[in-house]
Amino acid sequence: MCGIVGYIGTKQEAAPLLLEGLTRLEHRGYDSAGVAVLAPSGVRVAKRAGRVRDLQEALPKRFAGKVGIGHTRWATHGPATDANAHPHTDAKGDVAVVHNGIIDNAAALRAELTDAGVDLLSDTDTEVLAHLVGRSEGATLEAKVAEALTRVDGTYGLAVLHADFPDRIVVARNGSPLIIGVGDKEMHVASDLAALVRYTTTVAHLEDGEIATVTASGFTTYRADLTHAPRTATELDVDPAAYDVADAGGEGGHMWREMFEQPAAAERVLRGRLDERFGTAHLGGLNMDARETRAIRRVKVLGCGSAYYVGQMGASLIEELARIPADAEAASEFRYRDPVIEPDTLYVAVSQSGETIDTLLAVQEIRRKGGRVVGLVNVVGSAIAREVDGGIYLHAGPEVAVASTKALTTMFLGFSLLALQLGRVRDLSVADGKRIVTALQALPEHVEEVLALSDELVEVAEQLAAADSLFFVGRVRGFPVAREGAQKFKEITYRHAEAYQTSELKHGPLALISPAVPTVAVVPHDELTDRNVGALHEIAARGGPLVVVTHADVDLGDVPCRRIDVPRSERELDPILLTLPLQLLAFHAATHLGLDVDKPRNLAKSVTVE
Ligand code: F6R
């Protein structure tokens, strides 16, 4: 999704640094890119639809300037064209703006500007910002930006250059991340740590409603009314090398590499958190003592997309192990139904990036209403991680592929730890606690065993890739597995893949079953195995091809199918092992179709606009 970079210094040229920063944001997904520098002659802009390397090739030979801003765009208002790419400028060409987020009242502002005789050159909401800054009577660039922002409703992270104020970049944030990086006589600006961590790990995160002036020697932060809001930079405890993701991801690409990093990621999220003696987990970051934990009456999990589906798996785990009513909801819908926030509910926000705007807004809604939210977040220091009351870092390592794999596995394990801790301060016995601890300790090895099935799954994945439409079905614990399987399949193969509860098939979708529509069924060894097998017969009787993800000791009788056996864990932990073959099937199917698995069409890695 959209990315921002900025540079101001005394020693280096801005353009190469901006392009390098944009390259480091490429994995987020984008469709056009652009940069602006302040040259002695004024603001100069280069932008175009396509990749950063296309922009690089098209950059004029002389594009000098030690101050600049850059952007990767993911189209929201208007298609991916050169004109719609950022930066956008005002009528005189003195102002350049890059913007992440959405200006909700852009249509009204565009109409107003057109009425005032302004020629709008793009379809974007961002262009209005450039004109508003350019037309402002404010005496300083900060005043101009602040005045422009009083006119806009919506979300933004933005960076602004002005020919009359060549010693500064002015940045602002409302709902879309903006980070300032402190160097030696030079400063960086970015929407994502990955873009600047190579140059500095001393950073300040702008808060919502703040504006900042960034010069070569430092920065000053203000509230929206330009009163000072002092903010100091802190040294982050991160390894810059871990953000080195600009390479191709090695053979097979990022998704492939990340799938096979799952055993190591699983070990990391569990490390130091399991207590064998008392059969529990230690999660200091939750910031809750035993009394507060006991007082929880309900758990509500919030996440988007795959994080939501893993959230469903997590809610089941919590209900099973801690016997607390728990459910998951799509964070993108949550705040729009004016939810009742209960003081004895524990809200859990789950997010790999920690920047997903829908999840962040749900967290803010809960906190505004006095609720307690903890986070299961991968990216350290991200917006959600900073907003929540406590949490569990997932330690999956940077995830680059759009299709989330290793982060989801660590989310599931994060939920297992949470469920264990909640359970053990309530009614979960030591024996049951120890049973789960032992199973968790064995899990990384089981993950490895499932991944070893990869080669065997190529042929069946190719058969699935031949279908235009598929079903993924499961029941109870198996249903979120089916949802996640369908999600992975559709997002990288572009096939229509629909998840259903197996029990619901005969209430409608069975009408679609035919030899042309395969079904991938999740059939664990559990209390529903027989009923699941009954449904398989119904599908087979209608000629539907079947792939069954199951356990070796499940008797599928004479159902004609391709079965995939995964190792058994404890029944509560089975969902994650059942999910892994579905990642592999999606990957092999997409690769067979010749698709770019790491950059699926229309999708972005971090969804920072509503
Ligand atoms: C699917 C996928 C998305 C994300 C969703 C939430 O493979 O990656 O559905 O799970 O956009 O992202 P995070 O976890 O960053 O909040």
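Okay, a definition before anything else: an angle here runs from 0 to 180 degrees between N-to-C directions, along axes fitted to C-alpha atoms. Keep that in your head for a second. And one caution: this is a predicted model.

So, helix H1, residues 14-25. H1 lies across strand E1 (3-9), E2 and E4, and runs at about 155 degrees to E1. The strands under H1 bring us to the sheet, so to speak, and that's my opening stop.

How many strands does this open sheet have, and in what order? There are 8, in the order E3-E2-E4-E1-E10-E9-E11-E14, and the pairing is antiparallel. At the edges sit E3 and strand E14 (234-235), each pairing on one side only.

Let's zoom in on E2, residues 32-39. Is E2 mostly covered or mostly open? Mostly covered: 8 of its 8 residues are buried. Now, in a regular strand the side chains alternate between the two faces of the sheet. For E2, you can go through both sides. One side has Ser32, Gly34, Ala36 and Leu38, the other has Ala33, Val35, Val37 and Ala39, and every one of these is buried. So both faces of E2 are covered.

Who are the neighbours of E2? Take E3 to begin with, residues 42-49. E2 and E3 pair in the antiparallel sense, over 8 bridges. They form a hairpin, with 2 residues between them. If you want a spot to look at, Ala39 has Gly42 of E3 as its bridge partner.

Then there's E4, residues 67-73. E4 runs antiparallel to E2, and 6 bridges join the two. Two places to click on: Ala36 has Ile69 as its bridge partner in E4, and Ser32 has Arg73.

Right, on to another sheet. This open one has 5 strands in the order E23-E22-E24-E25-E26, and here the pairing is parallel. Which strands are at the edges? Strand E23 (496-501) and strand E26 (562-566), each of them pairing on one side only. Ignoring direction, neighbouring strands in this sheet are turned by 20 degrees against each other on average.

Within that sheet, E22 (residues 469-474) and E24 (residues 519-523) run parallel and are joined by 3 bridges. Phe472 has Val520 of E24 as its bridge partner. And a helix sits on this sheet too: H18, residues 529-541, packs there and touches E24 and strand E25 (546-551). The direction of H18 makes about 165 degrees with that of E24.

Now helices against helices. H8 is residues 262-270, H15 is residues 430-451, and they pack with their axes 8 Å apart at an angle of about 170 degrees. Why do we call H8 roughly antiparallel to H15? Because the cut-off for that label is over 145 degrees, and this pair, at about 170 degrees, meets it.

What's in that contact? From H8 you get Gln262, Pro263, Ala266, Glu267 and Leu270; from H15, Leu440, Pro444, Val447, Glu448 and Leu451. Sorted by class, that's 7 nonpolar, 1 polar and 2 charged residues.

H8 also shows up with H7, residues 253-260. Buried in H7 are Gly253, His254, Met255, Glu258 and Met259. What do they pack against? H8 and H15, plus helix H14 (406-424), helix H17 (478-493) and helix H19 (574-592).

Aromatics next. Searching the whole structure turns up 6 aromatic pairs. One of them is Tyr308 with Tyr309: 5.4 Å centre to centre and 35 degrees between the planes, so it goes down as tilted. Buried or exposed, these two? The cut-off for buried is under 20%. Tyr308 is at 16% relative accessible area, so it's buried, and Tyr309, at 13%, counts as buried as well. There's also an aromatic cluster, made of Trp256, Phe260 and Phe587.

Last stop, Leu360, which lies in helix H12 (residues 357-368). Its relative accessible area is 2%, so Leu360 is buried. Setting aside residues up to four places away in sequence, Leu360 touches Arg173, Ala383, Ile384 and Glu387. And to give you a sense of distance across the model: Asp553 is 193 residues from Leu360 along the chain, and their C-alpha atoms are separated by 43 Å.

That's my tour. Thanks!

Methods. Residues are numbered from 1 along each chain as its sequence is written. This is a predicted model: local features need pLDDT of at least 70, side-chain atom pairs count only at pLDDT 80 or more; totals for chains, interfaces and linings use all residues. Side-chain values use heavy atoms; hydrogens and water are left out. Helices (H or I, at least four residues) and strands (E, at least two) are DSSP runs, numbered from the N terminus. Contact means heavy atoms within 4.5 Å. Ala, Val, Leu, Ile, Met, Phe, Trp, Tyr, Cys and Pro count as nonpolar, Asp, Glu, Lys and Arg as charged, and the others, Gly among them, as polar. Buried means under 20% relative accessible area, exposed over 50%, partly exposed in between (1.4 Å probe, protein chains only). Two strands pair if DSSP finds at least two bridges between them. Rings of Phe, Tyr and Trp (its six-membered ring) pair if their centres lie within 6.5 Å; planes under 30 degrees apart count as stacked, over 60 as edge-to-face and the rest as tilted.
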